[in-house]
Amino acid sequence: MPKVKSLPRGVAMVGAGMSKFGAFAEKNSRDLFVESYKAMTKSVDKGFDPAIIEAMYVGNFSSDQFEHQAHLAPILADSVGLLPIPATRVEDACASGGVALRQGVMAIASGMADVVLVGGAEKMTALSTAAVTEALATAADVPFEIPAGFTFPGFYAAMASAYMAQYGMKSEHLMNVAIKNHDNAALNPNAQFGMTIQTWMEGRVAAALKKGKPAPTWANIWDFLHDESGNPTIAYPLRLFDCSPVSDGAAAVLLVAEEIAHQFTDHPIRIIGTAQASGSALHDRPSLTSIPAAKTAAANAYEMAGVSAKDIRIAEVHDCFTIAEVIASEDLGFFAPGEGFKAAEDGMTARNGAKPINTSGGLKAKGHPVGASGVAQAVEVFKQMRGQAEARQVDGDVSLALTHNVGATGSTCTVHVFERRN
C-alpha cells in the first residue's frame with residue numbers, strides 16, 4: 001500500500017441533515033434530497049448563503065434501475081437551486097455515500113474548493129422486492145457469483161455460516177444485534193423502523209386479534225425471533241430481522257475548510273481521517289469471516305488521524321445484515337476476531353455500553369437507501385458529537401467517532417474519523 005498521507009488542509013463538517021427513511025410512494029429521490037438539504041441548512045448554527053457552495057458530490061447506487069433516471073447529480077443540484085456548480089454522482093454500490101463524502105473531503109483538502117455539499121439519495125421502493133434484489137445483485141461479481149444463485153442475503157449468510165463454524169457463534173447471537181439496533185431506532189424520528197422488536201411483536205398480536213384470528217402465543221421477543229411465522233428464514237442462518245430493509249431516503253452534509261469553519265458554527269466537527277480500500281469479490285477471498293478492505297481502510301484512517309481503535313467513542317458501521325456489524329466491529333479493531341458477537345451479547349455495543357455502535361439504529365433499523373447510507377452515518381455522528389441526538393444521545397464526551405461504509409460484500413470500504421475539539 002502507498003504511504004498514508006495526512007490531509008494537507010483541515011476539513012470540517014458544519015451542517016448535517018437527512019430525510020425520514022422509509023417507503024414513500026408519492027416521493028422520488030429529488031423530493032427526498034430536498035428534505036435532507038433543508039434539514040442540513042437548518043442545522044448550520046450561524047446560517048450561510050447557498051451561493052458559496054462550490055461543488056457537490058452525490059452518492060447514488062442505481063437511480064438508473066430504481067427510477068429509470070440516470071445523470072442524477074445535476075438534477076439534484078437543480079432541485080435545491082445550486083446550478084451551475086459542478087455536481088458529480090458517485091457510484092460504489094452501498095458505499096456510494098461514503099465515497100462521495102471522501103470526494104468532498106479531498107476537494108477541500110486539496111484546495112480546489114472551500115465549501116462543498118455532500119449528499120446521498122436512493123429511491124428503491126418503486127420496484128418489487130424481486131426487482132430490487134436483481135438490481136442490487138449487479139454490485140456482485142456478476143459472471144462468477146450470480147449464475148451460482150447468490151443474492152446478497154446469500155452472500156452474507158455464507159459469511160455468517162463461516163463465522164459460526166470458526167468461532168462457535170450461534171444464530172441466536174445475531175438477534176442481540178437486531179434487538180439493539182431496533183431499540184436505538186425507536187428513539188430516532190427519521191428511522192424507517194422506529195419501534196422496538198417488542199413493540200413490533202405486540203403489533204402482530206394486536207393485528208391478529210383485530211382480524212378475529214387466533215393470537216400468536218409468543219411469550220417474549222425471543223420466542224418471536226425464533227418463530228418462522230414471525231421471523232422467517234431468508235437465507236440460513238439469516239432471518240428477516242437480520243436483514244436491512246428496502247428503503248427510500250436522502251442525507252446531506254456541508255463541508256468547509258477548517259480555517260473558515262467559525263463563520264458557520266462555534267462547534268464544527270472535524271474530519272481528521274479518511275481512507276478507502278478495495279477488495280476482491282467474496283469467492284476469491286482466503287477467509288469469509290473478515291473484510292480485508294475494511295481492515296486496510298481502518299488502519300489507514302487511524303494512521304492519518306493519529307488515533308487507534310481504542311480511542312473511538314462511538315461508531316456507525318455498515319450493518320446491512322446483523323453479521324456485517326459483528327464482522328465490522330472486529331475489522332475496525334474494536335474487538336478481537338471471534339469476540340464481536342460476545343461484545344454485542346454483553347451489551348458493550350449498546351447505546352450505554354463501552355463502545356456504542358449504530359446509535360441511529362443502523363442500516364438494519366434506521367433503513368438502507370443504499371446511496372444515502374454512508375452520508376446518513378455522518379449525520380448521526382454530527383448529532384451525537386454535538387449533543388443533539390435527543391433521546392438516543394450517548395452519555396459522556398464524544399470527542400472521536402467513526403463511520404464505516406461497505407460496498408457489496410466488501411469490494412469497497414470507506415472509513416472516516418471525526419473529531420470534536422473543546
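In this predicted model, helix 5 (129–137) and helix 7 (152–167) each contribute at least two residues to the lining of the largest pocket. Helix 5 gives the largest share of that lining, with five residues. The pocket itself has a volume of about 650 Å³. Its lining comprises 30 residues, and those closest to the pocket centre are C243, S244, P245, V246 and F321. For anyone thinking about the chemistry of this space, the lining divides into 23 nonpolar residues, six polar ones and one charged residue.

Attention can now turn from the pocket to the packing of the interior. In soluble globular proteins, nonpolar side chains tend to be buried together. Here, the largest nonpolar core holds 68 residues, and the residues with the most contacts inside this core are V253, L254 and L255. Apart from this core lies another, made up of 54 residues, including A140, Y163, L282 and I312. The surroundings of L255 can be followed in detail: leaving aside residues up to four places away in sequence, L255 touches V11, A12 and M13, then L101, G104, V105 and I108, and also D114, V115, V116, V118 and I271.

Helix 12 is a helpful place to look next. This helix spans residues 322–331 and is mostly covered, with ten of its ten residues buried. Among these buried positions are T322, I323, A324, V326, I327, A328 and S329, and the list also includes E325, E330 and D331. Several elements take part in covering the buried residues of helix 12, including helix 7, helix 8 (171–185), helix 11 (292–305) and helix 13 (340–345). Strand 6 (238–239) and strand 10 (400–407) also belong to this cover. Helix 7 thus appears in two settings, as a contributor to the pocket lining and as part of the cover of helix 12. Helix 12 is followed by G333, whose phi is positive, near 85°.

The cysteines complete the picture. A search of the whole structure finds zero disulfides. C320 is in no disulfide, and the nearest cysteine sulfur, belonging to C94, is 6.5 Å away, whereas a disulfide requires the two sulfur atoms to lie within 2.5 Å. C320 is buried, with a relative accessible area of 6%. C413 is likewise in no disulfide; for C413 the nearest cysteine sulfur is that of C320, 11 Å away. With a relative accessibility of 0%, C413 also counts as buried.

How values were computed: Residues numbered from 1 in each chain as written. Predicted model: local features only at pLDDT ≥ 70, side-chain atom pairs only at ≥ 80, totals over all residues. Heavy atoms only, no water. 1 Å grid on protein atoms, 1.4 Å probe; cavity = no way out; pocket = protein on both sides within 12 Å on 5 of 7 lines; lining within 4 Å. Points joined across faces, edges and corners; volume = space filled by probe spheres on them. Helix = DSSP H or I, 4+ residues; strand = E, 2+ residues; numbered from the N terminus. Nonpolar A, V, L, I, M, F, W, Y, C, P; charged D, E, K, R; others polar. Core = buried A, V, L, I, M, F, W, Y, C linked by side-chain atoms within 4.5 Å. Buried < 20%, exposed > 50% of the residue type's maximum accessible area, 1.4 Å probe, protein only. Contact = heavy atoms within 4.5 Å.
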